[in-house]
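User: I should like to go through this structure by question and answer. Please reason briefly before giving each result.

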Amino acid sequence: MWRSVVIPAPGSATGRLRLGLAGMDGVRRGTLVVLPGRAEFIEKYEEAAADFCRRGFAVAVVEWRGQGLSLRGQSMPQRGFVGDYEEYLQDLAAVLGELRSLAAPVPWIVLGHSMGGHIALRWLYREPGTFAAAVMTAPMFGIPLAGVPEPMARLLCSAAVRLGRGHDYAPGQGDFSVERCRYEGNPLTSCPGRFETYRGLVAGRPDLIVGGATWGWLDASLRSIAITRRPGYLESIETPILLCLATEERVVSNAAIAMFARRLPNARLERFAGARHELLIERDAIRDRVLAAIDAFLDPAAPPLSPARAAEPQPA
């Protein structure tokens, strides 16, 4: 269902970013711009994209530098590294420029998952008129640090980067192993079928795999999170935002999501009991509730097509 577009990666002479497009032709109620989380790739969003296309949206999925088939470090391609979140924001700017050139249907809605939710928040502050609304699933507004106080973690990460270890894995991190990727005890989803679909993707496409977090990625992430916690930062973001929280979360900080929800002036917080981190690949009983909440939230910003318009030719 995808049409892939490859665009130049900002700041690189030869690197490229991959953008996945679906449902871009015909009458659409708007464009959903999907910002994935760390280590994700376009193909992981195929089922979600199909759902949103059926709801009348065009869908564009961003593949960040260092992930999927986008620009990677040649010597250690599995190591998730970024020097500063400005690089991700530049990637997003390049993607949005491409969508403008393609005349992607308006209004634009951003859907950010995990790290992508954090990047979306940074963009909403910087360019408030870009998106009519935002949906964030398990957004990375804080990172569990195994009991290490965040100020101490920031000092450790900064020191590791200064010592030239930015591309080294942080403690407990390493290359991705398909053999160790098992449903039992996983923090991502309670749906065995969708977990196996994900596992099959990475087993069959090792070129899509990203390993664990590096000192550099963790350092950049904690610095970026600190920016969003500055006085007045969140209070200035007026875009309507739906925050989706998984009660069985183990990847990002639910306390941070709840705190941000209180400070954002136009945010709605929805809690999904029994859900793990990957809300869009959860079991149907949970996933259907997530999609229903997104539907109800988006209808005012991007009204469903009228029967007459819906009857016009639609993309396959």
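User: Which residues lie nearest the centre of the largest pocket?

Analyst: The model is a predicted one. Its largest pocket encloses about 1400 Å³ of space, and 48 residues form the lining. Helices α4 (150-162), α5 (192-204) and α6 (215-228) each supply at least two residues of that lining. Nearest the centre lie Arg38, Gln173, Gly212, Ala213 and Val251.

User: What is the volume of the largest cavity?

Analyst: The structure holds two cavities of 30 Å³ or more. The lining of the largest cavity includes Arg38, Arg65, Tyr88 and Trp217. The volume of this largest cavity is about 40 Å³.

User: Is helix α3 mostly covered or mostly uncovered, and how many of its residues are buried?

Analyst: Helix α3 spans residues 115-126 and reaches 17 Å from its first C-alpha to its last, close to the 16 Å expected. Among its buried residues are Met115, His118, Arg122 and Trp123. The helix is mostly covered, the number of buried residues being ten of its twelve.

User: Which side chain of opposite charge is nearest to glutamate 282, and how far away is it?

Analyst: Glutamate 282 sits in the loop between β8 (267-272) and α8 (284-298). Leaving aside residues up to four places away in sequence, glutamate 282 touches several residues, including Thr189, Cys191, Arg194 and Arg287. Glutamate 282 is buried yet has no salt bridge. The nearest side chain of opposite charge belongs to arginine 283, at 4.0 Å.

Notes. Residues numbered from 1 in each chain as written. Predicted model: local features only at pLDDT ≥ 70, side-chain atom pairs only at ≥ 80, totals over all residues. Heavy atoms only, no water. Helix = DSSP H or I, 4+ residues; strand = E, 2+ residues; numbered from the N terminus. Buried < 20%, exposed > 50% of the residue type's maximum accessible area, 1.4 Å probe, protein only. Lys, Arg positive; Asp, Glu negative; His and termini not counted. Contact = heavy atoms within 4.5 Å. Expected span 1.5 Å × (residues − 1). 1 Å grid on protein atoms, 1.4 Å probe; cavity = no way out; pocket = protein on both sides within 12 Å on 5 of 7 lines; lining within 4 Å. Points joined across faces, edges and corners; volume = space filled by probe spheres on them.
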